[in-house]
Amino acid sequence: MDNLSYRSRLMSLLTTREDVYALEEKLENLYTLIGKVNTTLEPKIKDILDYNTFNAFLEDFKNLRLQPNNQTDLENYIDFIKKKIEKINYLKLTLAITPSKELIDEIFYWINKNIGQDVVLDLTVDKRLIAGSIIEYGGRFKNYSIQAKLDAFWAKNPNLI
Amino acid sequence: MNNFDYYLNTIGEIGYVDQINGSIVVVSGLPKAGSDELVIFESGQLGQIFTMKKNQLEVMLFSKESVKPGTKVARTGRSLEAIISEAMIGKIINPLQLLLASIDPKNKERLYPIHMIPKGITERESISKPLETGVSIVDLAIPLAKGQRELIIGDRKTGKSAFLLQTILNQTQQGSLCVYAAIGKKTLEIRRIEEFFIKNKVTDKVIVVASTPEDASGIINLTPYLAMTVAECFRDKGNDVLVVLDDLTTHAKVYREISLLAEKFPGRNSYPADTFYMHAKLLERAGNFITSGGTYSITCLPVAETTQGDLSGYIQTNLMSSTDGHLFFDSNLFAQGRRPPINPFLSVTRVGRQTQTRVRHDVGREIISFLNLFEKMQNFIHFGAELGQNIKTTIETGNKLLKFFNQPMHQTIPTNIQVLLFALIWNDVWDKSVIDDLDKYVNLLVKKYNTNPEVKKRVDSLVEKKSFNEMLGSLRKEYQQIVDVA
Amino acid sequence: MQSQGRIIGIDGSIVEVEFLFDKPLIHDVIVLEDVPDIVLEVVKSSTTNSFFCLNLTEGKKLQRHMKVINTRQTLHVPVGNEVLGRVINIFGRPMDGKGLIKAKQTMPIYAKGPKYEEVSPHQEILETGIKAIDFFAPLVKGGKLGLFGGAGVGKTIILTEVMHNIVALNEEKNVSVFAGIGERIREAQELHHTLKDKGVLKSTALIIGPMSQNPAIRFLSGYSAATIAEHFRDILQKDVLFFIDNVFRFAQAGNELSTLMDTIPSEDGYQPTLLSEMANFHERLVPKNNNSITSIEAIYVPNDDILDQGVQAIFPHLDSTIVLSRSVYHEGLLPAMDLLASTSASLNPEMVGEKHYHTVLAAQSLLKKAVSLERIVSLVGESELSSDDKVDYQRARKLKYYMTQNFFVAENQTGKKGAFVERATTVDDVAKILAGELDTISDNKFMFIGKLEELNGK
């Protein structure tokens, strides 16, 4: 698979780090299908992947002119997706509250528009922030939490404690 | 808020530890990191960036405990700089503790760079003042000057430390400040040095910068540079400073360790090729300088260890060729009971002589050429044949001189007394009973000189004649007068 | 259109830069867009689009992604009369606090030696006034003299004395260029002070790259100085006296540089290009079209090991060699020259004349005999020698003592006045000693005199 610049539909489904872990597990399962003789792959693949993932998978295969039942094609595709996963840029986001699915999608949409398409969210919840968030991306670190603001305040005014 | 959190939030960049290789840590992230910048780990540990590649940084860790992969790293925006203040006097400073105190955001004191570019020719003046060690054989035969770099070199346990402490004692009593760099020395040794300073009441004039084998190599490596920075600061405050670097052979080995771990190409004896440059740059920071407040000097006595008296080692010759001379502590002489076992034929001083008075100059020359002769004479003794009177006298005088040059550790002799003592021996003024009890008489003379101003005046005027010959002319008469007064 | 790139890596003084278009050449000077005073020099490629550069400056922080600009020029140094009397570094910046050099011209420091037809073969002796040198290892005008010695045997003092003696004689035609490569700042300051004091500074250009500077600067100081010397020789038509203290440091700096670049080392750990670097440098310092560059090079011998490859690489370029010896130094004989080991290719009747030639041969054979007699003397004493041997032994000692001399530039260390002795006088004096005319005078009287006729006063 030389076409590493191809925008994979499968990859575009990934929103959070958990999504990535889940996908990696599914890929490992797909791997076990390879080497088995006298099997039609497609129905087995459909079993392993969920509905949305399977559709994205088929679309990728169509665009890349691959045969889902061809073992070599499947192996190459899995390696291709693995390479793509290695190159993911994570945006680490720490929030004070557990976000709803809608909130996550909103954030993700914003990231895609303003930062880029191969970014995946790495979400953590830490109540100690009180409110606000900490954002980390590309080695840059920004702390917008209330906790940090309070720490800075106490540091400037130690006599008030 | 601790230092790590402070810097993480203020600078707004984060990195993660990817790999560990001894004291070298590979870190990703920190996009705007600067060369040689200090970084701080989540654990509070400190490190310094020394290589930057496209996607990774190599950081030298300043503590022996390792860090786990995945540990967060923050930039401090600082380079190797330290607080230097009067509060350091009389204390033992550890470079790591000092660095940690210096990067503390609450610190408001001025910071001084640990690595400085040595001053150029416009800020230096020709060396003109002698540096008196209080040890006769050095001050008379191999004299040193203020602003000189003189290498103290010899095998282990040849009395180098004793000599250094004698010199520090003498210099601090004359008003100089002393900075002692103990580079990777055992804690016990450092305590002993501290004891010496306390016992001799010179703690108000010394600063010890010390690292032990427990410290990380990166910190041991910094010790002499920090000591130099301390010296430069106090020079700028209007002091003549004496810096002892004990010892640079250990320092070179530590530097080699760090470089090899960082996969720098090995050169001679596996030392990195810039070992000479590294030491030269350090030693060039000593000298005689013109400051806004006057001319002040930094005299440096770096120490180098040899094995079996071999002066031809790579580090040893590097140091000999970047200093202004060397005092060779000969283990053979040590075994013969000479203290200090300084070999005057294998020692060199490149700038000391130009600062001496005429009399001392003459004395120095007499001593060296006499000792040369004395050495040759030793060959004749082995023949067991009848020795002419000439030879016998020479040998007798030689033995008296050697006795004079043997100096116990706590004894420092003012230069004028040294000259007087030499003259008395040279001219055979003293009889056998005095020579047998030489130490006692010397101590007595030194005491009288230091406490009785009349004695001091007479001795000084005797010694400060126009030439040695002139001095010898009036020696017996004036010496008798001094004895009468004392 | 500016040639732009960016920094992608930093490792000590090696900076890796990326240029996607308009790639730089080796030796091009690269500067930073936003940080002034930083000078990088391209050394070699790392990949097709990136290059390793040497950071010639120190003390400034560099970051990845900083923009760099290729000046499309190699390093230049100011040349001409404006550099006389001044002390500069390899970039031509003043080190003596006397303000910028307002030179009318600068020239690239990299250059080739003259073409075959342009090189003039040398002919005459250049007198130094120092007896031991003029007699045993005379200097050839347009040639190269090497001063060998380990640490602390008086190399720098001799260099300074020669500079003083030769330039003081003929300031119209002669200029001196002094390259201080990897030496002590104190020595540079003292040299500057001495030259000024003795009135020689105004006809000397000093270029220094002391041992406290990074290896690139030390290495290139030699080239900068050579460029200035070439300009005096070719454009201003002067005879140049070129002094180097210390050419071994040139080899050492090259060694440090090649190790920085991870080059596989050759013999004794030196760079594989050692011989060609030495040759390129020395081939520039030759006489061209009847104007000469006469070089006097101080050569440090590491570990007192004269077989060191760095030292050996210098030998082929020298016409005369003076070897300084620690044992002679300890006998109190200054200059501490090993009279038998020092030699010159000019010691033939055509160059030095019949009398000098024969006298020096006789002197050398006398000294050789004294060396073998020395062994017997150290065992049984001088009195046990045969009367002939005794005479020879004593004459040899008188000759050695005669060769000692007080230097003008060491007056403040020795307290004695310096002396200049013409070569012809030295030859006559030595002939007299060898002929036995001074056998009755005790040898001590020969120490630190100038001409023999001074003894008549004693």
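Okay, let's start with what I mean by a contact: two residues are in contact if their C-beta atoms, placed from the backbone, lie within 7 Å. Keep that in mind, and keep in mind too that we're looking at a predicted model.

With that in hand, chain C. Take its contacts between residues at least 6 apart in sequence: 71% of those join residues at least 24 apart. In terms of secondary structure, chain C comes to 13 helices and 18 strands. Of its 458 residues, 51% count as buried.

What about overall dimensions? The C-alpha trace of chain C spans about 85 × 45 × 45 Å along its principal axes. Its radius of gyration is 25 Å, and that agrees with the rule for a compact globule, because 458 residues would put such a globule near 23 Å.

Now, how is chain C divided up? The domain assignment gives domain 1 as 3-74, domain 2 as 77-351 and domain 3 as 353-457. Let me stay with the first pair, domain 1 and domain 2 of chain C. Their C-alpha centres lie 31 Å apart. Where they meet, 12 residues of domain 1 of chain C are in contact with eight residues of domain 2 of chain C. On the domain 1 side, strand S4 (40-45) and strand S5 (50-55) of chain C each supply at least two residues. The largest share there comes from S4(C), with three residues. By class, that side of domain 1 divides into six nonpolar, three polar and three charged residues.

On to how the chains meet. Which chains have the most contacts between them? Of the two pairs of chains that touch, it's chains B and C. Here 45 residues of chain C are in contact with 43 residues of chain B. On the chain C side, at least two residues each come from strand S1 (3-11), helix H3 (185-197), helix H5 (247-260) and helix H12 (411-414). H3(C) gives the most to that side, seven residues. If you care about chemistry, the chain C side that touches chain B has 13 nonpolar, 21 polar and 11 charged residues.

There's a strand pairing across these two chains as well. Strand S4 of chain B, residues 46-52, pairs with S1(C) in the antiparallel sense, over two bridges. If you want a spot to find on the screen, look for B:Thr51, which stands opposite C:Asp11 in S1(C). As a quick reminder, strands of a sheet pair through backbone hydrogen bonds, either parallel or antiparallel.

Chain B also touches chain A: 10 residues of chain B are in contact with 10 residues of chain A. The chain B side of that one has five nonpolar, four polar and one charged residues. And chains A and C? Those two do not touch, and their nearest C-alpha atoms are 13 Å apart.

Last stop, chain A itself. Chain A has an open sheet of four strands in the order S2-S1-S3-S4, with mixed pairing. Which strands sit at the edges? Strand S2 (119-125) and strand S4 (140-143) of chain A, each pairing on one side only. From one strand to the next, the twist averages 15°. Inside that sheet, strand S3 of chain A, residues 133-137, pairs with S4(A) in the antiparallel sense over four bridges. A pair to look for there: A:Tyr137 stands opposite A:Arg140 in S4(A).

That's my tour, thanks.

Definitions and conventions: Residues numbered from 1 in each chain as written. Chains lettered and ligands numbered in written order. Predicted model: local features only at pLDDT ≥ 70, side-chain atom pairs only at ≥ 80, totals over all residues. Nonpolar A, V, L, I, M, F, W, Y, C, P; charged D, E, K, R; others polar. Domains from an automatic or database assignment. Rg over C-alpha atoms; globule rule 2.2 N^0.38 Å. Buried ≥ 20, exposed ≤ 12 C-beta atoms within 10 Å, placed from the backbone. Pairing = 2+ DSSP bridges. Axes fitted to C-alpha atoms, helices over the stretch in contact; angles between N-to-C directions.
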